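User: Please take a close look at one part of this structure. Start with a single side chain and work outwards from there.

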Amino acid sequence: EPSHPGIDLPEWFHASQRAKSSLEDFVRSYFMFHDLNVSSDLFRHLPVLSFVETYIYMLDERNESWTKSAGKRMEENADKTNVY
């Protein structure tokens, strides 16, 4: 796990794969409600949609990882301070 808040390429790639699936669902569901043409409008908005969705997934994965590790540390510290 990187010690800096920068972007780790394998982490970004994994998040982008998850984002791709979400974007496909988004396009199929919402473009028709806004009278957008998938063939032309999608490619105009795709770079921004892709970046934002990927970044959200990456932050979500980092948050889940941080929460799990923080929870483990809290349990370890509680075990050390509890006297039976």
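Analyst: **A close look at one ring and its surroundings**

Phenylalanine 51 has a relative accessibility of 46%, so it counts as partly exposed. Keep in mind that this is a predicted model. The cut-off matters here: a residue counts as exposed over 50% and as buried under 20%. Phenylalanine 51, at 46%, therefore falls in the partly exposed class.

Now look for rings. How many aromatic pairs does a search of the whole structure find? The search gives 3 aromatic pairs. One of them joins tryptophan 12 and tyrosine 55. The centres of these two rings lie 6.4 Å apart, and the planes make an angle of 55°. That pair is tilted. It also links distant parts of the chain. Tryptophan 12 sits in helix α1 and tyrosine 55 in helix α2, with 43 residues of separation.

Tyrosine 55 is partly exposed, at 32% relative accessibility. Its ring also pairs with that of phenylalanine 51. Here the centres are 5.8 Å apart and the planes stand at 20°, so this pair is stacked. The cut-off for stacked is under 30 degrees. Phenylalanine 51 and tyrosine 55 are 4 residues apart in helix α2, which means about one helical turn separates them. Put the rings together and Trp12, Phe51 and Tyr55 form a cluster, linked by ring pairs.

Next, move out to the surface. Phe51 and Tyr55 belong to a nonpolar surface patch of about 630 Å². Ile7, Val48, Val52, Ile56 and Leu59 also help to make this patch. Take valine 48 as an example. Valine 48 lies in helix α2, which covers residues 38-81. Is valine 48 buried or exposed? Valine 48 is exposed, because its relative accessible area is 57%.

Now turn to the charged side chains. The structure has 3 salt bridges. One of them joins glutamate 11 and arginine 62, at 2.9 Å from N to O. This pair, too, links distant parts of the chain. Glutamate 11 is in helix α1 (residues 9-30), arginine 62 is in helix α2, and 51 residues separate them. Glutamate 11 is buried, with a relative accessible area of 16%. Arginine 62 is partly exposed, at 24%.

Glutamate 61 and arginine 18 meet in a salt bridge as well, at 2.7 Å. Glutamate 61 belongs to helix α2 and arginine 18 to helix α1, 43 residues apart. Glutamate 61 is buried, at 17%, whereas arginine 18 is partly exposed, at 30%.

Glutamate 24 and lysine 20 make a salt bridge too, with their closest N and O atoms 2.8 Å apart. They are 4 residues apart in helix α1, so about one helical turn lies between them. Glutamate 24 is partly exposed, at 32%. Lysine 20 is partly exposed too, at 47%.

Finally, step back to the whole chain. The secondary structure comes to 2 helices and 0 strands. Of the 84 residues, 17% count as buried. The chain exposes about 6,900 Å², and carbon and sulfur atoms supply 60% of that area. Consider contacts between residues at least 6 apart in sequence: 75% of these join residues at least 24 apart. The tilted ring pair of tryptophan 12 and tyrosine 55, 43 residues apart, is one link between helix α1 and helix α2.

Notes
Residues are numbered from 1 along each chain as its sequence is written. This is a predicted model: local features need pLDDT of at least 70, side-chain atom pairs count only at pLDDT 80 or more; totals for chains, interfaces and linings use all residues. Side-chain values use heavy atoms; hydrogens and water are left out. Patches are made of residues with over 30% relative accessible area and no salt bridge: like charges are joined within 9 Å, nonpolar side chains (Val, Leu, Ile, Met, Phe, Trp, Tyr) within 5 Å. Accessible areas come from the Shrake-Rupley method with a 1.4 Å probe; for residues, only the protein chains shown count as cover. A salt bridge is a side-chain nitrogen of Lys or Arg within 4 Å of a carboxyl oxygen of Asp or Glu. Buried means under 20% relative accessible area, exposed over 50%, partly exposed in between (1.4 Å probe, protein chains only). Contact means heavy atoms within 4.5 Å. Rings of Phe, Tyr and Trp (its six-membered ring) pair if their centres lie within 6.5 Å; planes under 30 degrees apart count as stacked, over 60 as edge-to-face and the rest as tilted.
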